[in-house]
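Let's take a look at the charged pairs, the ring contacts and the main pocket of this protein. Have the sequence and the structure open as you read.

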Amino acid sequence: MNVSSSAAATEYIKRHHRHEAGENQCSSALVKLIKAPLPLVWSLVRRFDEPQKYKPFVSRCVAPGNLEIGSLREVDVKSGLPATTSTERLELLDDNEHILSIRIIGGDHRLQNYSSIISVHPEIIDGRPGTLVIESFVVDVPEGNTKDETCFFVEALIKCNLKSLADVSEGLAMQDRTERIDIRKLGAER
């Protein structure tokens, strides 16, 4: 990440990613640059009802009703993680500022009092429209674990989700560019 992106990320974290971590909690923020335009990335992130579109550990999600603050989703987690289900509540969905916040309120896992905020910001990457994505969290440290162990585990999950978000977004952006090129070729051949 270049210096201007780093400075921008720091400013966005101060503005949008305020977590009050208690004594027995850990908190962190992770940043990812994605070579895809913000509208495309946001279209994936904002889908509270379809996190499996880019989150590789989600096998299924059921979110009945309209997508609004307070909406709940039941998430099934793929095997291999120390969890099977998660009940999550939509805390914030801001389509103007591109911010999504969720809180885990139940399920079969060890992430007690988990809350996360993900924000999406425009960025120019290699001269093209790109996106700066920031995800922050706060969570209780489970009994028998340290703050460092807990942060390391959650950060590893988020890094995997952000890498998958980048892969999916960049693939869709490349597909869109390819389709536009093909249409131009067709027009030139006529």
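## Salt bridges

The count comes to 10 salt bridges, a salt bridge being a side-chain nitrogen of Lys or Arg within 4 Å of a carboxyl oxygen of Asp or Glu. A quick word on the ground rules: this is a predicted model, where local features need pLDDT of at least 70, side-chain atom pairs count only at pLDDT 80 or more, and totals for chains, interfaces and linings use all residues. Residues are numbered from 1 along each chain as its sequence is written, and side-chain values use heavy atoms, with hydrogens and water left out.

Here are three of the bridges.

| Acid | Base | Closest N to O |
|---|---|---|
| D126 | K35 | 3.2 Å |
| D49 | R47 | 2.7 Å |
| E91 | R103 | 3.8 Å |

Why do they form? Side chains of opposite charge can pair when their charged atoms come close.

Take D126 and K35, which form a salt bridge. This pair links distant parts of the chain, 91 residues apart: D126 sits in the loop between strand 6 (115–125) and strand 7 (128–140), while K35 sits in the loop between strand 1 (25–34) and helix 2. Helices (H or I, at least four residues) and strands (E, at least two) are DSSP runs, numbered from the N terminus. D126 is exposed at 65% relative accessible area, whereas K35 is partly exposed at 45%. As for those words, buried means under 20% relative accessible area, exposed over 50%, and partly exposed in between (1.4 Å probe, protein chains only).

The bridge between D49 and R47 belongs to a bigger picture: R47, D49, E50 and K53 are linked in a network of salt bridges. D49 is partly exposed at 22%, and R47 is partly exposed at 29%.

Then there is the bridge between E91 and R103. E91 lies in strand 4 (residues 85–94) and R103 in strand 5 (residues 99–108), so the pair ties together parts that are 12 residues apart in sequence. E91 is partly exposed at 27%, and R103 is partly exposed at 30%.

## Helix 2 and the ring pair

Helix 2 (residues 38–45) is mostly covered, with six of its eight residues buried. Those are L38, L40, V41, W42, L44 and V45.

There is one aromatic pair; rings of Phe, Tyr and Trp (its six-membered ring) pair if their centres lie within 6.5 Å, and planes under 30 degrees apart count as stacked, over 60 as edge-to-face and the rest as tilted. The rings of Y114 and F137 have their centres 6.1 Å apart and their planes at 10°, so this pair is stacked. Y114 is in the loop between strand 5 and strand 6, and F137 is in strand 7, 23 residues apart. Both Y114 and F137 are buried.

## The largest pocket

Y114 turns up again here: with E88, I104, L111 and L157, Y114 lies nearest the centre of the largest pocket, which is lined by 37 residues. On a 1 Å grid over the protein atoms alone, a pocket is an open set of points where a 1.4 Å probe fits, with protein on both sides within 12 Å along at least five of seven lines; lining residues have an atom within 4 Å of a point.

Which element gives the largest share of the lining? Helix 3 does, with seven residues. By class, the lining has 22 nonpolar, eight polar and seven charged residues.

Methods:
Nonpolar A, V, L, I, M, F, W, Y, C, P; charged D, E, K, R; others polar.
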